[in-house]
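Let's work through a few short exercises together. Have the sequence and the model at hand.

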Amino acid sequence: MSVPRYWRETKYRYRLIGQMCAQCGNAGFPRSGVCSACGSVDLEEVKLAETGHVVTWTVVRNPPAGYMEYAPYLVALVELDDGVRVLSQLVDIEPIKVKTGMRVEAAFRRVKVDGGSGIIEYGYKFRPLIE
Amino acid sequence: MKTVGGVGIVGYGAYIPMNRLRASEVKRVWGGSGTPIEEKSVIAMDEDTITIAVECARYAVRRAGIDPQEIGAVYVGTESKPYAVKPSGTVVAEAIGATPHVMAADYEFACKAGTEAFQTCIGLVSSGMMRYAMAIGADTAQGRPGDALEYTASCGGAAYIFGKKPARTLAEVEGSCSYVTDTPDFWRREHEMYPRHGNRFTGEPAYFKHVIGAAKELMGELGTEAGDYKYAVFHQPNVKFPIKAAQTLGFSMDAIKPGLIVPFVGNTYSGSTPLGLAATLDVADPGDRILAVSYGSGAGSDAFSLTVQDAITNDRRLEPAVSRFVDRKRYIDYSVYSKLRGKIIK
Ligand SMILES: [Zn+2]
């Protein structure tokens, strides 16, 4: 991700802010500029729930460039408590212990690091709920 | 320095990464005679001081139940900033939703950078410059492989939000005291990966002189003595030092036990005293007095005298206790530790 693009997205990635359709009320993440349900472009920002559950998941062993040092890592489809589905890395758990339906919460992590001199990209990942 | 106008802590939050390296594992690789602690916390590949600071800041905001837009300052005290130039405080402020009307900076003073930020925040809210101010102590400390510090240098932090009455405080700050001298007990030069320490300097002329000095000065000013405090927290670079400081000042083991997490977490540097205080607030009752004294090499101590308020009974249950993070762990061996801490050249 370029530095300007990372900067434009920080607020949304740091705080899990998505889009809400002003026409039909459908919420989504990440923001795309178009409602996935009715196609409206009349959208508002909405703070999404930070807790949810795992719908499905997989282990990434051959990651794309820039993510090599984290491999193997988990990627999960998380359904937030407000119903919005988010694709995210799942951290602080071994693959063998992941279960469909398990409770998770948003964590703040490094997502990508541009070498030794570039920008450090931060954002959300999910982890087992700490109660 | 006595505070004015009922300044206190309106929220606090703690975070400790879940990886643990047993001290016996360091000893297995490097030899040595004893182990100063049981185990220490280690960051995951995608964690650093900023991620730790954001985690504990979020817990603090949620526990305080305040609008983050009313936080007028976010200070991160650390000696392990991810960027040499680019403030950590701006990332934290953005992540908790405190931007743009907020002061943000990183504080540096070895292990007392976090409590140094406490002092500033107490001043900012006392003066009425802002409603709330946040101070964080967080570190991902490193020791040179095989060095005595490698057994203990660990990762974690805690965040505190200060406010003034009529804000609902969990603990009121009665007074604070800083005790600082130029002491060459520990340092790290620019571009060096690991710190150096003057072995014989680390005890009496450094830790004990400043910790005892700050504690005595503060208790003298407030007219209190050890018996007036239910609990005490002293900076925890190892297990021996805080116990000896407590004994010297007349505190019992019972007084320091709730906050003494170093055997299972290690020395979280700037996070050490803030985490020990958080663990103590987790068990304290209204009316209890707490003395908290940090220590930072270079050198200095900040001492705080707190009285726990009624709100603690409800609010301490709102977010995870420090013990929850102490118990949440996954053991790693020295080779994984070396990978996580960037000690392997690819
Ligand atoms: Zn729509």
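**Before you start.** This is a predicted model, in which local features need pLDDT of at least 70, side-chain atom pairs count only at pLDDT 80 or more, and totals for chains, interfaces and linings use all residues. Residues are numbered from 1 along each chain as its sequence is written, chains are lettered from A and ligands numbered from 1 in the order written, and side-chain values use heavy atoms, without hydrogens and water.

**Exercise 1.** State what share of the residues of chain B is buried.

*Solution.* Start with the cut-offs: buried means under 20% relative accessible area, exposed over 50%, and partly exposed in between (1.4 Å probe, protein chains only). Of the 346 residues in chain B, 64% are buried.

**Exercise 2.** Find out which parts of chain B the salt bridge of B:Lys329 and B:Glu39 ties together.

*Solution.* First, the criterion: a side-chain nitrogen of Lys or Arg lies within 4 Å of a carboxyl oxygen of Asp or Glu. This pair has N to O at 2.9 Å. B:Lys329 sits in the loop between α11 and β14 and B:Glu39 in strand β3, so parts 290 residues apart in sequence are tied together. Lastly, B:Lys329 is partly exposed at 36%, whereas B:Glu39 is buried at 5%.

**Exercise 3.** Do likewise for B:Arg168 and B:Asp315.

*Solution.* Their salt bridge has N to O at 2.7 Å. B:Arg168 belongs to the loop between β7 and β8 and B:Asp315 to helix α10, so the pair links parts 147 residues apart in sequence. B:Asp315 is buried, with 4% relative accessibility.

Conventions: Helix = DSSP H or I, 4+ residues; strand = E, 2+ residues; numbered from the N terminus.
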